[in-house]
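The following exercises concern a single protein chain. Please work through each task before reading its solution.

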Amino acid sequence: MSSSDSKNSRKDFVWKYVMEVSGEQYIRCKFCNQRCTGGVNRLKHHLAGTHHGMKPCNKVSEDARLECKEALANFKDKKTKRNELLQEIGMGPTSMHESALSKTIGTLGSGSGSGSGSVSGSGEPISRGPMDKFTTSQPRQSTLNSKWKQEERKEVCRKIGRFMYSKGLPFNTVNDPYWLPMIDAVANFGPGFKPPSMHELRTWILKEEVNDLSITMEDHKKAWKQYGCSIMSDGWTDGKSRCLINFLMNSPAGTWFMKSIDASDTIKNGELMFKYLDEVVEEIGEENVVQVITDNASNYVNAGMRLMEKRSRLWWTPCAAHCIDLMLEDIGKLNVHATTLSRARQVVKFIYGHTWVLSLMRTFTKNHELIRPAITRFATAFLTLQSLYKQKQALIAMFSSEKWCSSTWAKKVEGVKTRSTVLFDPNFWPHVAFCIKTTVPLERPAMGYIYELMDSAKEKIAFNCRGMERKYGPIWRKIDARWTPQLHRPLHAADYYLNPQLRYEDKFSNVDEVRKGLFECMDRMLDYQERLKADIQLDSYDQAMGEFGSRIAIDSRTLRSPTSWWMRFGGSTPELQKFAIRVLSLTCSASGCERNWSTFESIHTKKRNRLEHQRLNALVYVRYNTRLRERSLQRKQNVDPILVEEIDSDDEWIAEKEDPLLPLDLCWLQDNELFNVDAIRVVSSNSQETQASSDHMVSSHSYKRKHNEVPSTSGGKGKEKELNLTPIDEDEDLDEMGIHDSGHFPTIDTLDEDDDDLGEEDLS
């Protein structure tokens with residue numbers, strides 16, 4: 001039996017088709033008693049009838065044959081995707097210099113193409129032949145000179161470290177997927193490699209990368225034509241008070257950064273904003289654009305309405321993430337929410353503001369963090385409340401521990417106040433629970449679900465408040481004040497109606513308002529003949545007739561994405577299928593535009609670059625789209641821009657008090673634990689690492705400028721240190737709190753006094 005089978009520990013489904021004979025080391029087919037000299041993978045081929053390594057079984061049941069055949073196909077597909085990813089980042093089974101794109105990807109291959117060979121004694125690189133792809137340039141492990149090689153490696157590593165420390169690069173730079181291919185390419189070139197100059201980096205290398213990405217863009221253009229796309233637009237202000245507007249496209253192929261414009265003199269002018277949006281629509285092609293998404297500023301609203309007047313087939317919709325954030329902001333102004341957020345913020349600030357306290361907290365929480373960064377400021381606040389509540393018992397244990405009580409922090413005013421809040425405030429934890437119960441249903445919008453989200457969110461909030469109108473009433477009014485004028489759009493109603501996961505549910509709301517929104521979308525997006533055919537075909541979808549009513553279609557409603565479901569089962573209704581796919585393929589947020597703020601501003605504010613705006617565009621174009629390509633290759637699935645992987649945390653919840661001056665006594669440098677590997681907490685380098693890079697520091701302040709925040713200071717002396725935390729999936733571990741968005745309404749056990757003691761003044 002192979003080692004892989006032992007590793008599987010018989011968890012593979014195919015073991016149920018195995019017959020084992022006592023004393024025999026081979027396995028046998030349960031159906032035909034055929035002996036299998038290989039492992040369970042070979043037995044799968046035997047049962048699937050692939051003629052691969054073993055004679056097909058002639059007695060296997062049809063269900064078993066299909067199950068094995070599907071398992072082999074899935075395994076092959078995963079292996080193919082893995083190889084594509086490895087090859088894309090220069091670590092695949094075949095060398096990148098043989099790929100059609102390698103000549104344009106300097107960081108993945110060998111630059112101009114001559115650097116992939118070894119080096120002769122004269123310093124000239126030896127050309128590589130066709131057999132080189134079957135060999136490796138890696139040297140064999142040294143034996144006699146192993147100690148010398150270790151010392152040599154240390155010297156090389158020190159030089160790399162010295163460079164990173166000099167430029168203030170974060171330690172997790174080495175986790176970038178392009179890091180190892182770059183190092184390998186330099187090592188493979190050997191002695192005599194001449195690194196690129198600043199001039200080369202800003203000219204032909206940058207141009208080659210732009211050309212390479214232009215090839216990739218062709219795949220996006222095909223998706224735009226087939227499925228339609230969303231234009232996402234948002235503006236921000238850099239450190240020099242210049243207003244830049246970024247334009248991105250989103251489709252099932254992913255998100256693509258198109259360009260940016262300098263709108264310093266026109267950002268508040270609705271007429272010129274309309275002109276900018278109209279030019280982008282013209283560039284993409286009106287027939288390919290389904291919607292334009294912006295934030296809710298008055299100039300964008302004006303421009304969006306004018307755009308819909310001129311372009312009769314597309315929609316303007318406000319950013320859902322922005323609208324949800326405004327709802328959370330309004331809810332956060334209610335007395336109980338404002339007071340609770342303020343107290344929770346003080347607790348988190350104190351813990352994260354002092355290294356010793358933070359270390360103690362991580363000991364009690366088993367390295368779970370309190371900060372949970374999200375796409376927007378107020379989502380971060382309420383998600384952090386969730387995390388704080390999850391660690392309630394750990395925090396109580398920490399502030400009750402002997403280690404805390406014997407520390408100097410237990411005697412300081414801030415420590416005493418924080419401990420009192422956590423241990424003795426009778427309202428703190430019940431009110432934290434109440435705030436979570438009244439906001440968690442609002443935290444994750446997605447296209448095709450946002451219409452349902454608002455109705456179900458309100459119902460869940462009422463249920464969490466035990467049906468007491470004095471509690472949920474103020475929350476509902478805040479939601480309605482934003483939902484009705486901003487997010488209540490025909491496009492969202494059409495998404496709701498055409499989503500098979502929702503349409504065939506018993507609680508589906510088939511009211512006039514929903515059908516009217518659907519018909520408005522059909523009237524706007526289809527010509528008359530298409531509209532007529534789609535309207536007739538709608539009956540088949542409503543009544544689940546034909547392929548819509550097949551058993552596999554019914555069972556797939558909750559297993560497939562809505563777009564995938566329509567692609568698979570909508571073939572008999574081509575006009576309605578095309579319309580449904582274009583509507584359900586859309587995103588509901590322009591927050592993807594914000595992803596390159598730190599990218600854009602860090603480049604824009606570094607004086608050493610001296611780039612004019614067009615070259616800046618090229619640099620951002622390459623950097624942002626390269627990162628998007630990495631993520632799509634890794635995940636191999638459609639990504640809604642609202643689900644972000646890397647978001648800088650908000651200083652509102654972290655304010656470390658550190659003296660910017662080093663102590664005169666340098667004895668702290670002699671502390672061995674400072675550089676002791678075992679003393680460093682073993683966590684993901686992306687999750688806790690303090691970013692020394694000025695790029696991330698600048699991005700934090702640009703975020704504050706956008707939200708009209710002023711960075712806090714510590715008595716004029718302290719400086720803030722930004723902590724870069726990887727945001728956690730908003731569904732992760734919520735089952736433990738009982739607030740996972742499942743089929744039933746959730747509740748939270750406060751474990752102490754209930755929140756029924758909230759008074760009218762708390763809820764006003």
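**Exercise 1. A charge and a ring**

Over the ring of which residue does the charged end of Lys412 sit?

*Solution.* The model is a predicted one. In this model, the charged end of Lys412 sits over the ring of Trp409. The distance from the ring centre is 4.2 Å. A second case involves arginine: Arg503 lies over the face of Tyr497, 4.9 Å from the ring centre.

**Exercise 2. Classifying aromatic pairs**

Determine how the rings of Tyr496 and Phe508 are arranged, and how those of Trp565 and Trp566 are arranged.

*Solution.*

Step 1. A pair of aromatic rings is described by the distance of the centres and the angle of the planes. Planes under 30 degrees apart count as stacked, and planes over 60 degrees apart as edge-to-face.

Step 2. The protein has 23 aromatic pairs. In one of them, Tyr496 and Phe508, the centres are 4.8 Å apart and the planes make an angle of 25°. This pair is therefore stacked, since 25° is under the limit of 30 degrees.

Step 3. The pair links distant parts of the chain, as its two residues are 12 residues apart. Tyr496 belongs to helix α20 (residues 490-498), whereas Phe508 lies in the loop between α21 (500-503) and α22 (512-525).

Step 4. Buried means under 20% relative accessible area. Tyr496 has 2% and is therefore buried; Phe508, at 11%, is buried as well.

Step 5. For Trp565 and Trp566 the centres are 5.7 Å apart and the planes make an angle of 85°, which makes the pair edge-to-face. Both Trp565 and Trp566 are buried.

Step 6. These four residues are among the members of one aromatic cluster, which also includes Tyr497, Tyr504, Tyr541, Phe548 and Phe569.

**Exercise 3. A sheet of three strands**

Which strands stand at the edges of the sheet with the order β1-β2-β3?

*Solution.*

Step 1. Strands of a sheet pair through backbone hydrogen bonds, either parallel or antiparallel. In this open sheet the pairing is antiparallel.

Step 2. β1 (18-20) and β3 (35-36) each have a single partner strand, so they stand at the edges, and one side of each is left without a neighbour in the sheet.

Step 3. β2 (residues 27-29) is joined to β3 by two bridges. Across this pairing, Ile27 stands opposite Cys36 in β3.

Step 4. Helix α2 (residues 40-48) packs on the sheet and touches β1, β2 and β3. The direction of α2 makes about 15° with that of β2.

**Exercise 4. A hairpin**

How many bridges join strand β5 to β6?

*Solution.*

Step 1. Eight bridges join β5 (residues 243-251) to β6, and the two strands run antiparallel. One facing pair is Phe247 and Lys259 in β6.

Step 2. The connection between β5 and β6 is a hairpin through two residues.

Step 3. β6 (residues 254-262) is mostly covered, with seven of its nine residues buried.

**Exercise 5. One residue and the whole chain**

Is Met164 buried or exposed?

*Solution.*

Step 1. Met164 lies in helix α4 (residues 146-167). Its relative accessibility is 7%, so Met164 counts as buried.

Step 2. Leaving aside residues up to four places away in sequence, Met164 touches Leu169, Pro170, Phe171, Thr173 and Val174.

Step 3. For the protein as a whole, buried residues make up 47% of the 764 residues. The protein has 31 helices and eight strands.

Technical notes
Residues numbered from 1 in each chain as written. Predicted model: local features only at pLDDT ≥ 70, side-chain atom pairs only at ≥ 80, totals over all residues. Heavy atoms only, no water. Phe/Tyr/Trp six-rings, centres within 6.5 Å; stacked < 30°, edge-to-face > 60°. Helix = DSSP H or I, 4+ residues; strand = E, 2+ residues; numbered from the N terminus. Buried < 20%, exposed > 50% of the residue type's maximum accessible area, 1.4 Å probe, protein only. Lys NZ or Arg CZ within 6 Å of the ring centre and 35° of its normal. Pairing = 2+ DSSP bridges. Contact = heavy atoms within 4.5 Å. Axes fitted to C-alpha atoms, helices over the stretch in contact; angles between N-to-C directions.
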